[in-house]
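Dear colleague,

I am handing over the structure below, and I would be grateful if you could look through it before reading on. My notes on what was found in it follow underneath.

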Amino acid sequence: MTAGQPLRTEPAAQSPRVNHSTPPAALQADIVPSYPPPESDGDESWVWSQIKAEARRDADAEPALASFLYATVLSHPSLDRSLAFHLANKLWSSTLLPTLLYDLFVATLAAHPSVRAAAAADLVAARSRDPACAGFAHCLLNYKGFLAVQAHRIAHVLWAQSRRALALALQSRVAEVFAVDIHPAATVGKGILLDHATGVVIGETAVVGNNVSILHHVTLGGTGKAVGDRHPKLGDGVLIGAGATILGNVRIGAGAKVGAGSVVLIDVPPRSTAVGNPARLIGGKKGEDVMPGESMDHTSFIQQWSDYII
């Protein structure tokens, strides 16, 4: 392979043959295992089996995608190898060669089981929370929010290893390709859904807990030139609506919800809802176990907002 070319698998002749005799619906019923996973949502092998089954089905149903699905999914032995290959082909440039990125991604994923487990949890999160998610393979291949988070996790490892120039270069490339800007030092949990993802910004000292869902054009930013711990902290199960802006070292408690377009400058207690600009609290649901980050309930607060006018 010469410089400036994407990664390719060899030999191309091993691409799966298209079988036109079996209708797509029957293929889906016969090949794709049932959902959800029988034991653990973070079971990498279960998620990988789903992805391969869906890729085989789609390759048979759509000949135009057969070579792509073989190169990206079916030719690889594991989720981490497939993810590394796909990310490298998405993020390479004339100065960041795909072979360099692939080796870097493979080595990082192999050395950090928690990063691999988080990727599997993110796939399950997208499949279970987003009704537009057609399958695990669809998320792996096409969801730029998912891919941006996986690239961030690798950049975060590099940052912790004091390979900061490379981590920042990877952050810059992710922002160019996916329109998602997450500082490598930011801490991001597992089971994360960046829904649509365009315009998401997460600052250097931000912390995002587990099972959090964030919509597009959300900013977790600072308030000016202050240094030190200056970015928001999101607890587990938080839901942040589209276009919300959260500024400063404020805490959004576990199970809290921030409405679309809100501007939050103060702490939001657990299981509370903040809406408006500037945001105000409109109560919570202390007796309820459902986390909005998982339920994706954006509108239940409206019935508690007495001056809500259409």
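**An aromatic pair and its surroundings**

Phe136 counts as buried, with a relative accessibility of 1%. Please keep in mind while reading that this is a predicted model. The count of aromatic pairs comes to one, and Phe136 is part of that pair together with Trp46, the two being arranged edge-to-face, with 5.6 Å from centre to centre and 90° between the planes. The partners come from distant parts of the chain, 90 residues apart, since Trp46 belongs to helix 2 (residues 44–61) and Phe136 to helix 7 (residues 136–142). Like its partner, Trp46 is buried, and its relative accessible area is 10%.

**The cysteines**

Which cysteine sulfur is nearest to that of Cys133, and how far away is it? The count of disulfides comes to zero, and for Cys133, which is in no disulfide, the nearest cysteine sulfur is that of Cys139, 4.9 Å away. Seen from the other side, the closest cysteine sulfur to that of Cys139 is the one in Cys133, and the 4.9 Å between them is too far for a bond, because a disulfide requires the two sulfur atoms to lie within 2.5 Å. Both residues are nevertheless buried, Cys133 at 3% relative accessibility and Cys139 at 0%.

**Helix 8**

Helix 8 runs over residues 144–160, and its 17 residues reach 24 Å from the first C-alpha to the last, which is close to the 24 Å expected at 1.5 Å a residue. Is this helix mostly covered or mostly uncovered? Helix 8 is mostly covered, with 14 of its 17 residues buried. After helix 8 comes Ser162, whose phi is positive, near 65°.

**The sheet**

Four strands make up an open sheet, in which the order is 2-5-8-11 and the pairing is parallel. Its edge strands, each of which pairs on one side only, are strand 2 (187–188) and strand 11 (251–252). As general background, the strands of a sheet pair through backbone hydrogen bonds, in either a parallel or an antiparallel way. Here, strand 2 pairs with strand 5 (residues 207–208) in the parallel sense, over two bridges, and within strand 5 it is Val208 that serves as the bridge partner of Val188.

With kind regards

Technical notes
Residues numbered from 1 in each chain as written. Predicted model: local features only at pLDDT ≥ 70, side-chain atom pairs only at ≥ 80, totals over all residues. Heavy atoms only, no water. Buried < 20%, exposed > 50% of the residue type's maximum accessible area, 1.4 Å probe, protein only. Pairing = 2+ DSSP bridges. Expected span 1.5 Å × (residues − 1). Phe/Tyr/Trp six-rings, centres within 6.5 Å; stacked < 30°, edge-to-face > 60°.
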